[in-house]
Number of protein chains: 2
Amino acid sequence: MDKLKEYYQKIAKYSSASALLYWDMQTYMPSAASEYRAEVLSEIGSYAFIMSVSDELGNLLKSATPSSEIDEATVRVGLKEYEKYKKIPAEVFEEMLRVSTICEQLWQKAKKERNFEIVEPYLEKVVELSKEMTKYLGYDNDPYDALLDRFEPGMTAEELNRIFTPLKEFTVKVLKGIEKVGKVGDPFEREIDPERQEKFNRWLLTHLKYDSTKCRLDVSAHPFTNPIGMNDVRITTRYVPNDPKNSIFSTIHEFGHAQYALSIPDEFYGLPIGSSTSYGFDESQSRFWENILGRSLPFWTGIYEKFIEVFPEMASYSVEDIWRGVNIVRRSYIRTEADEVTYTLHIILRYELEHALINDELSVKDIPAAWNELFSKYFGLKIDDISLGCLQDPHWYGGSFGYFPTYLLGNLYAAQIYDAMKKEIDFDTLVVNGEFDKVRGWLTEKIYSKGRMYEPKELIKKVTNSDFDSKYFIDYVTKKYSRVYSSNL
Amino acid sequence: MDKLKEYYQKIAKYSSASALLYWDMQTYMPSAASEYRAEVLSEIGSYAFIMSVSDELGNLLKSATPSSEIDEATVRVGLKEYEKYKKIPAEVFEEMLRVSTICEQLWQKAKKERNFEIVEPYLEKVVELSKEMTKYLGYDNDPYDALLDRFEPGMTAEELNRIFTPLKEFTVKVLKGIEKVGKVGDPFEREIDPERQEKFNRWLLTHLKYDSTKCRLDVSAHPFTNPIGMNDVRITTRYVPNDPKNSIFSTIHEFGHAQYALSIPDEFYGLPIGSSTSYGFDESQSRFWENILGRSLPFWTGIYEKFIEVFPEMASYSVEDIWRGVNIVRRSYIRTEADEVTYTLHIILRYELEHALINDELSVKDIPAAWNELFSKYFGLKIDDISLGCLQDPHWYGGSFGYFPTYLLGNLYAAQIYDAMKKEIDFDTLVVNGEFDKVRGWLTEKIYSKGRMYEPKELIKKVTNSDFDSKYFIDYVTKKYSRVYSSNL
């Protein structure tokens with residue numbers, strides 16, 4: 001067992017180096033260094049992969065004698081991962097890494113030039129390789145399940161269909177209800193200099209009681225969170241002059257991810273159980289801090305005074321005006337800027353298209369047309385600019401099929417967790433008073449301290465005493481937005 | 001040959017990751033992450049070492065068929081390194097890495113608390129291991145040569161003694177001559193806010209025509225240069241409010257190192273010839289840019305207007321006043337803050353002590369007393385604070401015996417190179433006019449483009465058409481400081 005842990009900890013050190021190489025690439029790296037950096041990342045990533053499917057690891061896993069619940073989970077989760085990835089031939093893995101890196105680089109060019117053809121041939125290869133991977137990863141009925149399981153263990157397309165279909169109808173209904181009420185004023189529709197935005201964001205992190213000895217905030221084109229090593233998690237944000245909400249909610253979102261990563265027990269570090277339960281669970285925490293807590297009236301009540309101090313031009317707005325302003329619902333093109341309500345439709349659209357791609361029901365060349373058609377159906381908006389359509393997100397071009405649904409699952413988990421939390425702690429009062437350590441304490445005890453010992457469905461049941469159910473999200477949205485729009489939705 | 005190069009390029013990728021892990025540790029890493037970071041650095045460093053002494057590399061080197069001068073140099077330099085380090089048992093290498101990492105960490109504590117005993121037992125081990133290493137590395141007469149050769153190939157203690165002894169006498173004589181003249185006014189004895197210091201330093205880099213697509217400037221406690229990867233070299237500086245010269249000359253010094261690293265041909269990257277000729281040669285370039293160019297009257301003539309614009313409180317000083325101010329000679333405790341003249345004594349003192357340590361003529365416990373005695377002899381100053389004495393530099397504690405002399409050799413090479421350069425280009429005019437690309441062009445052609453194809457003594461002869469000689473430095477110091485102090489020194 002000790003040797004097994006040692007081996008995992010060795011792999012973790014290469015993953016730590018990779019994480020830093022990636023973080024640096026997105027934040028501080030001089031521009032001319034990008035080509036070589038991709039080579040370094042590929043070398044070290046491949047080496048970590050080779051170790052993670054080595055016979056040595058296999059033998060250690062098979063001969064380990066667990067003597068605690070943690071050991072048992074380590075071997076169980078470790079064996080599952082090992083058996084799964086072991087089946088992928090090294091050449092296929094490396095080819096996927098190589099092709100998807102090039103494809104993601106070309107995607108940036110394609111997006112900038114608004115030209116799908118630039119990336120199309122490489123995306124074809126990425127889709128082909130992804131389909132090939134499903135054979136090695138294994139599945140029962142739907143090849144898509146093999147890819148989805150990488151991000152959300154135990155989840156299937158069948159279950160997603162069952163959850164997403166009524167959610168789509170609900171969202172369309174709510175959206176129509178909101179639009180009947182008319183527009184809410186937006187205090188944030190103004191230019192704010194990045195310096196003051198930064199000042200406020202740094203204050204926000206202090207207010208949220210973040211630990212500056214283990215975490216840091218930087219700037220990148222696309223905000224992200226990167227656990228670099230033990231006691232070291234980096235988050236980024238971006239300061240857009242005419243969109244001050246952007247930095248605030250990016251920062252809180254990434255702060256949520258960071259809380260999770262920093263609260264997994266040190267003794268789990270580097271082990272298969274030493275990460276979040278799943279991508280969906282990880283997202284549930286960024287979404288919990290960003291939306292459920294960060295866009296709540298108690299939160300804005302607690303920070304209103306400081307907010308007006310930094311942005312005196314907003315002093316004529318009441319705290320309720322500001323709160324309504326951060327909760328405006330509107331049809332829009334870009335997923336990452338979407339509100340809590342319409343976000344659902346953005347994800348379902350992507351899920352339906354990627355599911356069709358992997359099941360040979362859609363070909364790569366037809367993606368733009370299929371996207372535009374579905375977008376028009378769900379949002380009633382026409383897409384004239386492909387960078388606002390199927391070229392907006394990097395996921396497919398980087399080979400992450402099966403990733404998108406976890407964003408929506410994150411919202412659903414978060415609402416269910418919130419419902420359980422409110423029964424045990426006085427959420428509103430704690431949030432008004434800035435006692436976030438008590439909120440985090442609850443989440444740590446129930447979720448963060450478990451690492452990846454349980455699969456998502458097991459954990460949600462342990463945390464909330466009920467099976468995973470989208471009704472909590474439906475209730476949350478209905479109540480919250482009825483209040484935001486002063487209307488019975 | 002291709003396979004050999006491929007293997008070296010593979011090792012280089014791990015070195016690139018190590019370099020970034022180190023740079024980040026000194027610049028942006030959250031404080032609580034230091035323990036784990038040391039483990040990651042040790043793992044990846046050991047792996048790179050194991051590859052660099054592997055049988056696989058040995059076989060590739062022995063069976064390679066070079067077909068060009070570059071290939072021949074690759075195999076020659078590669079074989080020399082391989083044969084040398086191959087003899088060190090992996091356990092000894094790892095033990096040295098482990099012990100010296102701990103010792104260097106304890107040194108920081110010892111320095112802070114001004115207590116040599118904290119670090120003494122670990123320094124004993126580092127010295128023991130260093131002595132053991134000399135047996136594996138090999139030497140003719142003096143075990144110190146084995147350690148010195150790691151930093152300055154082909155150099156010996158015998159030759160250092162021959163060069164350093166007259167240099168010591170010369171320095172003491174010049175210093176006395178200067179002190180007879182009396183003090184020069186120091187326009188820099190004032191507080192300057194770090195913001196304006198940073199503004200000026202960033203402008204300086206632009207003025208020096210640095211390439212911001214391949215290089216970046218950050219802040220760290222001790223300024224350093226780190227080549228991270230192809231087209232990626234990082235430099236750091238520090239902004240000390242009451243010592244504005246500190247950042248300016250740290251920046252130019254590290255800029256000099258960076259010029260060298262960035263001008264080695266891309267095709268050498270990762271190969272044994274893909275670095276600077278030696279530590280001394282590398283230092284010759286930082287010293288050339290910092291002192292010979294950066295503290296010259298033509299340089300200050302060229303930047304005077306901008307300097308006064310950023311620091312209007314200095315407007316009452318003429319360009320000659322400022323130039324004298326950056327060239328003040330004074331006895332001082334700290335090597336890194338010493339002027340061009342007394343720097344020589346700082347190095348010789350360290351060299352004599354470390355030479356005695358490795359030759360069993362000095363024991364670790366006696367270092368503080370021996371240091372203080374020699375310091376009193378050379379500088380006439382008494383040391384009451386050990387952090388200004390033998391605890392000021394990290395080198396010994398990190399196991400870098402044989403490193404210090406390369407700093408002084410750097411000064412000597414730089415003066416000899418400057419002498420040759422002035423015969424071929426109109427240095428003063430180019431520097432006044434800011435045409436640094438022509439200065440760099442000359443250095444690139446003669447030095448940087450050669451990478452590590454030649455040993456230091458071969459290269460200095462190729463560059464200057466004369467054997468290595470300290471007379472150029474003696475001439476340079478005599479002429480320059482006679483002018484600075486308006487006196488015949």
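## Where the two chains meet

In this predicted model, the contact between the chains draws 28 residues from chain A and 28 residues from chain B. Looking at chain B, three elements each give at least two residues to the side that touches chain A: helix 1 (2–27), helix 2 (34–52) and strand 1. Helix 1 of chain B provides the largest share, with seven residues.

What classes of residue make up the side of chain B that touches chain A? That side has 13 nonpolar, nine charged and six polar residues.

## The nonpolar core

Next, have a look at the largest nonpolar core, which has 266 residues. Those with the most contacts inside this core are A:A17, B:A17, A:Y481 and B:Y481.

Which residues does A:A17 touch, leaving aside those up to four places away in sequence? In its own chain there is A:I44, and from chain B come B:A17, B:L21, B:V40 and B:I44. As a general background, nonpolar side chains tend to be buried together in soluble globular proteins.

## A small group of strands in chain B

Chain B also holds an open sheet of three strands, in the order 1-3-2 and with mixed pairing. Strand 1 (215–219) and strand 2 (225–229) of chain B each have a single partner strand, so they stand at the edges, and one side of each is left without a neighbour in the sheet. From one strand to the next, the twist averages 25 degrees.

Strand 1 of chain B pairs with strand 3 (residues 232–237) of chain B in the parallel sense, over five bridges. To find one bridge for yourself, start at B:R216: the bridge partner of B:R216 in strand 3 of chain B is B:R234.

Note on methods
Residues numbered from 1 in each chain as written. Chains lettered and ligands numbered in written order. Predicted model: local features only at pLDDT ≥ 70, side-chain atom pairs only at ≥ 80, totals over all residues. Core = buried A, V, L, I, M, F, W, Y, C linked by C-beta atoms within 7 Å. Buried ≥ 20, exposed ≤ 12 C-beta atoms within 10 Å, placed from the backbone. Contact = placed C-beta atoms within 7 Å. Pairing = 2+ DSSP bridges. Helix = DSSP H or I, 4+ residues; strand = E, 2+ residues; numbered from the N terminus. Axes fitted to C-alpha atoms, helices over the stretch in contact; angles between N-to-C directions. Nonpolar A, V, L, I, M, F, W, Y, C, P; charged D, E, K, R; others polar.
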